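Visitor: Put the model up, please. I'd like to ask how each label was earned.

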Amino acid sequence: MKTEKTFAIEFEQSEIRFLSCTLKYKHLVEITYVVTRADSRDHSPPSEGAAVQRLLNKRRIKSIKDFVLEGGMFPNGIILNWTSNELFNFNKNKLELAIGDKMAQIIDGQHRIAGIRAALKEMPEIGDIEMPTIFTKKLDTQRCAQIFLSINTEQKPVPKNLVYDLYAIAFPNRDYTIERATDIADRL
């Protein structure tokens, strides 16, 4: 099995140990997997512990794939829970981990990873782009849910009007009038 070595920083919050590093797109799509919440109609338990994800949204994946192919960047990290019994060794700010199928469960970032996976099929050369990655190790469902809730309930997005104003500054050669008009019409 192949391995990857990367610089990492360890930190702790709410008694959870985290490792912050960067990983290449090609390695992220290889090691990650998603476990979704059980179908709410039958209330059966998830097939695996620590299931905090909803079903993937195909439209959102396509949008992220297009964003990646256009050169978009992700300076914010994804959060993974290392569930494998394979190599995961942290020593003196060096993280060495196995690269293989289903090593790390996605806590946050499933749509970004799915969009990157789709983009890699069309443009494999982007596989060496690095993405900030936060690891936890062998967390149970309760802890994974706490992290997921912290991100998805406490961290609020900025208002859409600011986002579109910033798009106009960041990408002056693109006209965002249609998107802004659609947002206004939807709001009304």
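Guide: First, the basics: helices (H or I, at least four residues) and strands (E, at least two) are DSSP runs, numbered from the N terminus. By that rule, E96 sits in strand β7, residues 94–99. The model is predicted, so local features need pLDDT of at least 70 and side-chain atom pairs count only at pLDDT 80 or more, while totals for chains, interfaces and linings use all residues. Residues are numbered from 1 along each chain as its sequence is written, and side-chain values use heavy atoms, with hydrogens and water left out.

Visitor: What makes E96 partly exposed?

Guide: Buried means under 20% relative accessible area, exposed means over 50%, and partly exposed is in between (1.4 Å probe, protein chains only). E96 comes out at 23%, so it lands in the middle class.

Visitor: Which residues does E96 touch, not counting those up to four places away in sequence?

Guide: Contact means heavy atoms within 4.5 Å, and on that basis E96 touches T3, E4, K5, L87, F88 and N89. E4 is 92 residues away along the chain, yet the two C-alpha atoms are separated by 5.6 Å.

Visitor: And K65, is that buried or exposed?

Guide: Buried: its relative accessibility is 15%, which is under the 20% limit. K65 lies in helix α2. Beyond its neighbours within four places in sequence, K65 is in contact with G115, A118, A119 and E122.

Visitor: How do you know that β2 and β3 are paired, and in which sense?

Guide: Two strands pair if DSSP finds at least two bridges between them. β2 and β3 (residues 16–24) have five, in the antiparallel sense, so they qualify. E10 has L19 as its bridge partner in β3, and F11 stands opposite F18. Two residues sit between the strands of this hairpin, where S14 takes a positive phi near 50°.

Visitor: What order do the strands of the sheet take?

Guide: The open sheet has six strands, running β2-β3-β9-β5-β8-β4, with mixed pairing. β2 (9–13) and β4 (32–33) are the edge strands, each pairing on one side only.

Visitor: What makes the pairing "mixed"?

Guide: Strands of a sheet pair through backbone hydrogen bonds, either parallel or antiparallel. Here β3 and β9 pair antiparallel over six bridges, with L19 partnered by F135. Strands β5 (residues 78–82) and β9 (residues 130–137), however, run parallel and are joined by five bridges; there, I78 stands opposite T133.

Visitor: Why is the F11 and F18 pair called stacked?

Guide: Rings of Phe, Tyr and Trp (its six-membered ring) pair if their centres lie within 6.5 Å; planes under 30 degrees apart count as stacked, over 60 as edge-to-face and the rest as tilted. There are five aromatic pairs in the whole structure. For F11 and F18 the centres are 5.1 Å apart and the planes at 15°, so both tests are passed and the pair is stacked. F11 is partly exposed at 29%, whereas F18 is buried at 8%.

Visitor: What kind of pair do F88 and F135 make, then?

Guide: Edge-to-face, because the centres are 5.3 Å apart and the planes stand at 70°. F88 is in β6 (residues 88–91) and F135 in β9, so the pair ties together parts 47 residues apart in sequence. Both residues are buried, and with W82 they form one aromatic cluster.

Visitor: What makes a group of residues a nonpolar core?

Guide: The members are buried Ala, Val, Leu, Ile, Met, Phe, Trp, Tyr and Cys residues joined through side-chain atoms within 4.5 Å. The largest such core has 30 residues, and I31, L95 and F135 have the most contacts inside it. Apart from that core lies another, of ten residues, including I16, F18, I147 and I151.

Visitor: How do you know that the span of α3 is close to what a helix should give?

Guide: The expected span is 1.5 Å times one less than the number of residues. With 13 residues, α3 should cover 18 Å, and it reaches 19 Å from its first C-alpha to its last. Among its buried residues are I113, I116 and L120; their cover includes α1 (25–31), α2 (58–69) and β8.
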